[in-house]
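User: Take me through one small part of this model in detail, please. Start from a single residue and follow the thread out to whatever it leads to.

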Amino acid sequence: MSQVTMKLPRVFGIVGALCAGAMLQAAEPTPVILTDNGETATLANGIVSLTVRKANGNILSLRRHDVELISRGGGYWNIYGATPGQPNTEQKGTPSIFRITQDPTSNGGARGEIALRFPYLGQPKAVPLNIEIRYTLHRGDSGVYGWTIADHEPQFPAFNIEVSTVCLKLNSDVFDFLSVDRKRQRLMARAEDWVAGTQLNLWEARRLNTGIRKGEVEHKYDYNALFSETPAWGWSSTKRKVGLFIVNPSIEYINAPPTMVDYGGHIDVKATMPADPCLLFIWHSPHYGGRGVEIKAGERWQKIVGPFLIYTNSGETPDAMWNDALVRAEREKKSWPYAWADAPGYAVSSNRATAKGRLVVADPSAPQASAAGAWVGLAQPPYRANLKNGPLTIEWQTDGKHYQYWARADSTGSFEIQNARPGVYTLYAFNDGILGEFSQAEVRVE
């Protein structure tokens with residue numbers, strides 16, 4: 001008779017004891033439970049449950065109560081680019097290192113956080129960056145925070161980043177409605193309609209021959225978002241009454257933040273099934289005039305993207321769920337930077353500063369010109385970079401290497417740029433109806 005050994009999962013969390021007063025505790029939010037299953041890890045709080053594969057950091061499951069929101073395609077993060085002279089790659093350094101960075105057993109079940117670090121150790125074809133992906137879940141919350149930390153150490157090879165994406169492949173049996181902004185909200189064609197469509201003059205465009213969008217052209221770039229004016233975007237379900245949204249609290253880590261445009265969702269552009277609904281957060285790309293990030297050999301560089309919120313909700317209509325996501329986005333923006341976030345290089349509010357001033361427009365030939373509503377920002381001065389297409393001048397409208405901080409001026413032109421890291425910046429300003437831009441070099445934030 002053979003002997004079978006079973007390895008039970010390790011569970012990190014608070015389990016309440018049953019007692020006569022249990023009914024009085026029913027309204028209390030369920031504590032966060034963190035379960036280490038060996039190859040995977042799960043964060044759950046009674047509302048949402050997230051399961052992640054340790055080997056690559058991909059999301060295998062995201063559930064709101066009993067509804068699975070993710071398809072078999074899962075959710076993945078990538079940083080894509082190349083060392084000059086080498087093929088492009090998005091492979092992370094392996095093996096990964098799994099850590100519990102916030103243990104719910106030590107904070108009364110208030111919060112659980114896991115980190116998956118992919119160190120670069122000279123692995124062939126790997127991105128020469130230390131990449132860390134984190135997931136954070138709070139008690140009583142209906143969303144999971146995701147963030148990534150990318151580090152380049154001086155001994156690493158040079159690397160040029162082209163695209164950086166978070167992509168969630170969603171359950172097509174659940175999601176059928178996409179909300180980008182007030183102008184673009186629609187019941188989407190089915191995956192079967194896309195696959196049966198007629199290929200047009202580019203891969204991402206098809207004329208639909210079936211379904212509710214029959215006769216229309218479906219194109220993933222139809223669902224672009226201006227990130228500075230789009231704090232929440234995502235999918236919802238007219239059948240199951242659930243929603244899944246990206247809620248982005250800050251634009252500081254996006255390239256060219258006040259003018260950055262990229263798509264936030266679409267039907268997966270595959271020739272065969274499955275062609276799942278996709279929810280994306282593209283924090284760096286070459287789309288719409290974007291430029292790459294040049295990281296030189298011998299250079300120490302770090303960028304932290306997020307934490308941003310992968311938010312689930314429920315409601316009777318897609319509009320109700322999208323508006324609820326906007327309310328949550330306003331709350332997240334007011335909480336930025338997060339006091340609970342703790343990672344090397346993450347700057348909390350006490351390590352940031354505010355820049356204030358007033359912008360004045362005085363043009364005798366255009367007396368109606370005004371600074372009201374102008375974008376005013378702190379960014380790096382122009383610099384040169386050697387990228388795939390040769391040497392280029394990178395300025396704030398194409399810069400994704402550094403953080404930028406922007407705010408809108410009020411009706412008098414007064415502005416307040418909050419939560420800037422200390423440094424020396426160029427102050428920029430631009431406004432609709434006024435040619436060119438204002439700039440002032442050597443603005444020191446302390």
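Analyst: Let's start with P307, which sits in strand β25. Strands here are DSSP runs of E with at least two residues, helices are runs of H or I with at least four, and both are numbered from the N terminus. Keep in mind that this is a predicted model: local features need pLDDT of at least 70, side-chain atom pairs count only at pLDDT 80 or more, and totals for chains, interfaces and linings use all residues. Residues are numbered from 1 along each chain as its sequence is written, and side-chain values use heavy atoms, with hydrogens and water left out.

What catches the eye at P307 is the backbone: the peptide bond reaching it from G306 is cis, with omega near 5°. Most peptide bonds are trans, and most residues other than glycine have a negative phi. A second cis bond joins M273 to P274, with omega about 0°; P274 is in the loop between β22 (265–267) and β23 (277–284).

While we're on backbone oddities, Y288 has a positive phi of about 55° although it isn't a glycine. Y288 lies in the loop between β23 and β24 (293–295) and is exposed, at 54% relative accessible area. E442 does something similar, with a positive phi of about 60° and no glycine to excuse it, but E442 is in strand β33 (residues 438–445). At 60% relative accessibility, E442 is exposed too. The cut-offs: buried is under 20% relative accessible area, exposed is over 50%, and partly exposed falls in between, with a 1.4 Å probe and protein chains only.

Now back to β25, and to the helix it meets. β25 (301–314) is one of the strands that the buried residues of α2 pack against; the others are β11 (143–152), β13 (177–181), β14 (184–187), β19 (232–236) and β20 (242–247). Contact here means heavy atoms within 4.5 Å.

And α2 itself? It has 18 residues and spans 26 Å from first to last C-alpha, close to the 26 Å expected at 1.5 Å a residue. That expected span is 1.5 Å times one less than the number of residues. The buried residues of α2 are P318, M321, W322, A325, R328, A329 and E332. Looking down the helix axis, they fall within an arc of 115°, so they line one face of α2; the arc is taken from the directions from the helix axis to the C-beta atoms. On the other side, V327, R331 and K334 are exposed.

α2 also leads to the largest pocket, where it gives the most to the lining, with 5 residues. α2 (318–335), β30 (405–408) and β31 (414–420) each supply at least two lining residues. That pocket holds about 640 Å³ of space. Of its 25 lining residues, the closest to the centre are P249, S250, I251, K333 and W406. By class, the lining has 12 nonpolar, 7 polar and 6 charged residues. For those classes, Ala, Val, Leu, Ile, Met, Phe, Trp, Tyr, Cys and Pro count as nonpolar, Asp, Glu, Lys and Arg as charged, and the others, Gly among them, as polar.

On terms: with a 1 Å grid over the protein atoms alone, a pocket is an open set of points with protein on both sides within 12 Å along at least five of seven lines, a cavity is a set where a 1.4 Å probe fits but cannot get out, and lining residues have an atom within 4 Å of a point. Grid points are joined across faces, edges and corners, and the volume is the space filled by probe spheres set on the points.

The structure has 1 cavity of 30 Å³ or more, and the largest cavity holds about 60 Å³. Its lining is made up of W77, N78, I79, K92, I131, T148, T165 and W283. Strand β7 (residues 70–82) gives the most, with 3 residues.

One last stop, for contrast: V32, in the loop between β1 (10–13) and β2 (33–36), is buried at 0% relative accessible area, whereas R358 is exposed at 55%. R358 is in strand β26 (residues 353–358). Beyond its neighbours within four places in sequence, R358 contacts T412, G413, S414 and F415.
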